Structures are given as structure tokens and as C-alpha cells.
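User: I should like a close look at a single part of this model. Please keep the account connected, moving from the part itself to its surroundings.

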Amino acid sequence: MPTRDLTLAMVGSGGDGVVTMGEMMAQAGARDGLNVIKVEAYGPQIRGGESSCVLRMSAEPISAQGDAVDVLVVFNWADFTRFKGEVVPKADAVILYEASDPTPLAEVKIPTATNATWIPVPFVDIATKATGTKAAKNIVTLGILAELFAIPQESVRKAVEFKFGKKKAAVLEANLKGFAAGREFAGTLSVDTSARKLEYVIRDPKLVMTGNEACAVAALHAGCRFFAGYPITPSSEVLHFLSEWLPRAGGRIIQTEDELSALGAIIGGSFAGVKSMTSTSGPGLSLMAEMLGLAAMAEVPTVIVDVQRGGPSTGLPTKSEQSDLYLAVFGSHGDMPRIVLAPTDVEDCFHATVDAFNIAEETQLPVIVLSDQAIGQSRQTVEKANLVHEVVDRRTPNAEELADYKRYAQTPTGVSPMSVPGTKGGMYQTNGLEHDETARPASSHVMHEKMSRKRFKKLDFVEEKYPLFVHLGPEKADIGIVCWGSSKGPVEEALKELAAKGVSVSAFVPRIIMPFPKKALLEYMASVKTLVFLEVNFVGQLYHYLRTLVDLPADTRVFARSGGMNLSVTEVKNRIESVLSETTVREEVRA
Amino acid sequence: MSSVVETPALPRFQPGDYKSDLKPVWCAGCGDFGVVSAMYRAMAELQLEPWNTVVVSGIGCSSRLPGYVEAYGFNSVHGRALPIATGIKVAKPELNVVAVGGDGDGLAIGGNHFLHASRRNLDICYVLMDNEIYGLTKGQAAPTTPSGDKTKSTYFGNPEPSVDPCELAISFGATWVARGFSGDMKSLVDLMVAGMSHHGFAFLNVMSPCVTWRGDDQFKVMKAKLRSLPEGYDRTNRAAAVPYLREKEVLTTGVLYEAHEPSLLDRLEGQRTNAMVGHENLTTEQVLEVFKPPF
């Protein structure tokens, strides 16, 4: 029986073309309307070195990268061992490896692959014979994979044509020969891969993008016309994309000397009346803590995308972790209101970023979009039709308000009309100092209390209007998972598998962390028996933060572990099964 | 015969129009009073529309200045006037942007921003009020405090050498660098007018005595040391400025360096104009096309 869901992994050295191959297959899948998730991993080298690419293609909706892979392509076993534990083949995986690899097969130990089909392939030989260069071995591999697993053949061939179409005719011809040679080689193999042949109906093409790109497009969509940023892994793609597209859209972009200048510059840009954004990762957000306070105090709308990586300090720059929650929620001195959103996947990066602009403009507060490397840099298919989102603009003063303009006028919502430079009669001199309604410095305790109340009142409005969360699974359940960010994907898939086994489990995934949708959480807590937190950070930051907001049951279970490895579906299932067995034991004891 | 005497039309804005009704917190005799007065006059001379003008500062005694100017103002956080001013000017180039602050604010905590704002050559006039001390925090050594001086934080004398802000600005790439004295109003107004009119990053270091922490006679001492640049001084020669900036016994004021180079905005505008060709009225839908498989 063919499959509707296939996960492939490719491992090699720089120059093996692993990443190019993955990208071409992902594009081919998207062209055929398949759902695709692609994740890359690299060694620490700046150029070259080992790289891996895991690609999942499915005719059904998917929300996580595949845990264990159906097909593994290894150009070099030495490189494969560097990804130990990260690329895991299924028990009955098909493993294709370079026939001339110096590492003897006997030395290759893959404990999970108990029943695998091992296929030695002379990748280099085939490529050299067909094209004259071993560089084409990734194209040969595409031919083999297309033939063995029925991955979109026609589209893959078109991808090859597109890739080499702009080069000399001979180059294109050679690569097409390589592709054909791969398919031909696959035809000579006497292995049965029918169970892994991908079966699907061709549909309309989908878009393929990363979470970082989705944040960048969302900024353009929301009307952002000024961006200032400092390069940092894993967020730089936001800067890269906007350096091309923001000027095209009539906006302006600068690369600043550090992250606090970046936030400072966008505070300036937004003060001047232009929607502005910056993006960074944890170390940058640490530097921005000072400016966050200024944005809150001067009430300047600002959007900060934080693509989290492993911390503290330099930490794990290329790997994901959900450990900036405390910093985002509590960072910066003083009583400082801010908004924190947490997108759950690539598409949600778009929505969360537009929401961030809307909320920033509506409340004149800094809004942090807490993305993470696992979604920021993973490439996923997205339906274009889903990328629509209403845009809200700033509340500027009307003629009547300008007649006696008070920048920080007390209002029922705490939001005061914000005049922009260029407006006659709207002049004010704003301040990081505590100030009165007219922005004049004021250090009386009475005014401080009054203005603190005004600034925090704005959060009530947000909590009311933006109770953003996702409830997965049944309305009532024995076990209720609380997770956030990129963990939503694996939890969603685990839930389906667990439900199929008859396990009663649901999940609550907040998409806004500050102000937290408390009412929704309390209602959710009433719908489940045991609460289980799953977090990719060592201390359980969401759990501890929520304990300051609501009384969580004493028997709440917290599974928090450091990042560096994304949450997997298997891990979620194992955690839930362990809770189930404990609960059973407890109930038996009680009985 | 009668002669017609033409009365010149009064300029639209008088210096007093730029004065806000907020009373300065500065000590009596503070040099910064001279600086803010010179700014009112310079703005009037240039007829800057207050609502199209933004004065930005960091933190310190002198950084209170934006509150005293009737225009848009932003008294931000310590050392960060230039990043904020940069954002304002890049996002909205039609605004007149003036950044102000003290020597601690601009050279210590904000030193890195000074380097990069200078090199970007953005159309901002940056007025640094240099009193060689931290005044607001009550008398600690600053980067411009002369070596050996006893201050609250250097009980046994300042062990560090001082820096000259103009030398820094010239080497960082500012295209207009001048030194003035807050007790020399006429020259100071002229310098501000020239600095605010300059195309590119204009840096004006104003010696602005602190009567509270540097002694009552700092004014007199500076006034006595005051000299103008000699006739025939070549302000297009970077190296020519350095000897004047290293003088100890005299204080030379005037425009030390001036160059005419494209500003960051010129470069950004050029790129932007080209980039927009073929993308007029760009929609999200059009941007999303780049994510479609291209084959």
C-alpha cells in the first residue's frame, strides 16, 4: 500500500548539495500542492562542514517535522554520526548510502533501524559517468528518490530545469542526464519500496516560506515602512528579506551598530509616525531591555520579533529553545507594561506579526513576537489564501483634541491620541522620565501612581480584545497539555495519534503570553482532570509565570527540558503515557 | 518728493517662539542657558517650523534641553539620543532633527552611537554641551575631564587621559565639525545656523561650563583662553584641525572641518527610488509571489 506521508533525510558535507536537493524537492512538493515541512541543520562551520536536511511531504495536513524518517540518504557516514540522535530512521526505513564510503557498514550502528532496507548506491560513479562531474550527485539522487518513492517526478524534473536553465545549455543537459541516470539506476534495484511510494492528487501550488520570512511579509502587510536591525542568528532572515522588499514598498531600512540602537531607532521612527519594527534573538533582546522601558514609558508603538535560540549568553546560536519567556514578560526595570505574542507555526508568524502591529498601534506599547528557531528557520508550505489579516492604524488626535492637546491625556482605556511630528498644534516633548498628561517631567508619587495605572490599563483592553489561544482536541479530556510556540506542532500530531489509541487528551496553546488569556485558561482547566506542561526550557518558564497569575492544581505535571532539540511527537506521546500510567497507579492505590 | 520707506516683513518666527514655558532645572549660571538661547536664535534665523522640528536628547543636565524648546521633543534614555534621532530622520526625512546632550551621555555611554552616527553622515545636527564633568549625578569624572582633576569619583585625581570630542568626530567621518563656547553668543548662533544648515552629520561641541561642579571661574578661565581660527584656515583639511584641538592654553573656536559628501539619506533615497520601479503600489499579494515555486 502506498503512503500519503513521507519523511526523507539527507546527510552530507558541504559541496554534496544536500540543502539544494532538499530545497528543490520542497519546491517540487509545493508545486504539486503537497504539504511540506523542511528543517535543516548544520555543523558549526561557517562554510562547508556537515549538513542535514529533513523533509516531510504529505497529502494530509501536517504540523510537525517528521520524528523518525522513512528514507535516509547518507553521502558520508562520518557526517551522519555528527547528527546522532537528530536524524533517526524508522525501524523499517530505506537507507541509501554511498557505496564507496570508506567507513565499513559493519561500523555503522543505527539502533533504531532494526529492520531497514540498506541500499548501497554508487552516487559518485553514476554522477561522474552521466555528467562528467561528481558535483551532480545530488541531482542523481533526486532521480533515484523520485523513482523509488514517487515523489513529484514531473515537478522535480522541472525544478532541475529551472535550477540549471539559466546556465549554459550543456550544464542543463548534463544535469538532466544525471537525473535520468538516477531514475534508471533506481529501476535496476530489486527492492520493493511500494509501501513508501507517495500517493497524492495534484492540487494548486502552495507557497513555501520560513517563519522569519512570514514575519517579514507580515510587517509589509501591516504597513511597516521602517526597520532597524542588527544581524543575529537565527533571526537575520527577517533583516535580509526586508532589506530587499522594504525599499521596494517605499520604506527604509538600516542596519544599526547594536540591538539597543535598533530598538532606539524604531522608537524614533514610530515616534515620527511611521510603523516600525526590529527583529533579534535572545542576546539582542537582553540589550533591548533598556529601550523596552522607554517605549513603554513614552508610549511609542514598537514591534520586536525575537526568534529564540538556546541561552543564556551566546548559548546555542543555531538551535531552538523557548527560554526567553521570562525576559520577554519581565525584562526591563520598573513596572513596565508590554505585550508578548507567541506564534505557533510559520503561518502563525504572519498573523502574530500583524496582530503585533495592530496591538502596538492600538495601545502605544512595545509588542514582542516570541518566535523560535524551530519555526523561524523551518520552511513550510502555506496556503496563500490564509495570509489575510485586518490592519489597524494609529489613533491620532482630531481637531478638537488638538485644540488643547495633551499627549498623555487620561482616557477610559488608557490610550491617548498620539500626535505625530509635522502636526501643527500637536507638539509635545516626550520623556523617559515620569511625566504628567502634557508630557512634562513629574516626579510626585501621586502622578507616578496615576500614570502607572494609565499605562497598565491598556493591558486590560488587550486581554479583552485579544484572548488569543488554540484549543486542540476534545472539549473535555482526562489530560490537558499546556504548551506554546513551536511545541504546538508536535503536540497537535501526538494528540491525533493518542486519540486514535483512545487516550483522552486535549491541549491549550496560548498565542498571547502577556496579557495572558486567564479566563480561557481557567475554563480550559475546568475541562480537564490533569494538567501537563510541556516546555522546551530547563526551568518551566511558562508554568512558573502562570503560577503568578492563577492557582494551578497541585498535581500539575511539568515536563520542561533544555532546547537544542525540537519537541518530537514521540516525546509528547511518551510524556502523556507516563502520566497516564502514574495516574492509573495513583487511582489503584486510592481504590 | 516723498520717499517710500519699505518696512521689511517681520520674519514669521521670532526666537521667543521657540521657547517653551517649561522652566529649566539648570543651576543659575549654567552654560547650558547660553546654548538653549543660541538655539532659539538659530532656529529663528533658519525659520524652522516648530512642528516640523524634533529635538532629541539622552539623559543628563543638558539633555533636559528638548523640554525647553517649543517643537517636538524627545528626552530619551542615557546615551541614546543618536539612535532615536537616527530613526526619526530616516523614517521621516522631511523633519529637522537636532540631537543634544552632554559629554558623559555622548562620549561614554553613547560613544558607540557617536561613531556610527558620524560615519552614516545623516542630516542631523548634534550639539554636545561639554562641561568636562557629570553634573546631574553630582560631579563624577567624564571622558572629557582633564587627567589629574579631582572629582567625586576620582578622589586622588583623574587617572585617565581625556578625549577631545571634535577629534573623534573628524576621525569618525562627520562632515561638519565645530567648536563653540556658550559664553560667546554671537559666534555660537552662527555656528548653530551653519551646523543646522549643513548637509550631512554636523557636530558642534559647545564648551558649556558647569558652575556647580567645575567651579565658579570656569567661565572666566574659558573666556580668557578664547581664540578664533586664524584667517586662511583650511577647513577642508582634516589634519589641520588637530593641532588646534590639542592646545592646552588656548580655546580655539570655529568650524574646524567641513566636507561635502552624500548623506545617508541621499544614498537611501537613491536606492529606494530604483527599488520602487516596477513595484508601485506594491500589495501583499504581489510580495507573496516570491514564495510560489518558480517553475
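What should the 13 residues of helix H16 of chain A span, and how far apart are its end C-alpha atoms?

Analyst: The model is predicted. Helix H16 of chain A comprises residues 488–500, and at 1.5 Å a residue its 13 residues should span 18 Å. The end C-alpha atoms are 18 Å apart, which agrees with that expectation. Among the buried residues of H16(A) are Lys488(A), Gly489(A), Pro490(A), Val491(A) and Leu498(A); Glu492(A), Glu493(A), Ala494(A) and Leu495(A) are buried as well. Just after the helix, Gly502(A) adopts a positive phi of about 90°.

The surroundings of H16(A) include a sheet. This open sheet has 5 strands in the order E16-E18-E17-E20-E21 (chain A), and its pairing is mixed. Its edges are formed by strand E16 (469–472) and strand E21 (557–560) of chain A, each of which pairs on one side only. On average, neighbouring strands are turned by 20° against each other, direction ignored. H16(A) packs on this sheet, where it touches E16, strand E17 (477–482), strand E18 (505–510) and E20 of chain A. The direction of H16(A) makes about 165° with that of E18(A).

Strand E20 (residues 528–535) of chain A is joined to E21(A) by 4 bridges in the parallel sense, and Leu534(A) stands opposite Phe559(A) in E21(A). Helix H17 (residues 518–526) of chain A also lies across E16, E17, E18 and E20 of chain A, and runs at about 125° to E20(A).

Definitions and conventions: Residues are numbered from 1 along each chain as its sequence is written. Chains are lettered from A and ligands numbered from 1 in the order in which they are written. This is a predicted model: local features need pLDDT of at least 70, side-chain atom pairs count only at pLDDT 80 or more; totals for chains, interfaces and linings use all residues. Helices (H or I, at least four residues) and strands (E, at least two) are DSSP runs, numbered from the N terminus. The expected span of a helix is 1.5 Å times one less than its number of residues. A residue is buried if 20 or more other C-beta atoms lie within 10 Å of its own, exposed if 12 or fewer, and partly exposed in between; C-beta atoms are placed from the backbone. Two strands pair if DSSP finds at least two bridges between them. Axes are lines fitted to C-alpha atoms, for helices over the stretch in contact, and angles run from 0 to 180 degrees between N-to-C directions. Two residues are in contact if their C-beta atoms, placed from the backbone, lie within 7 Å.
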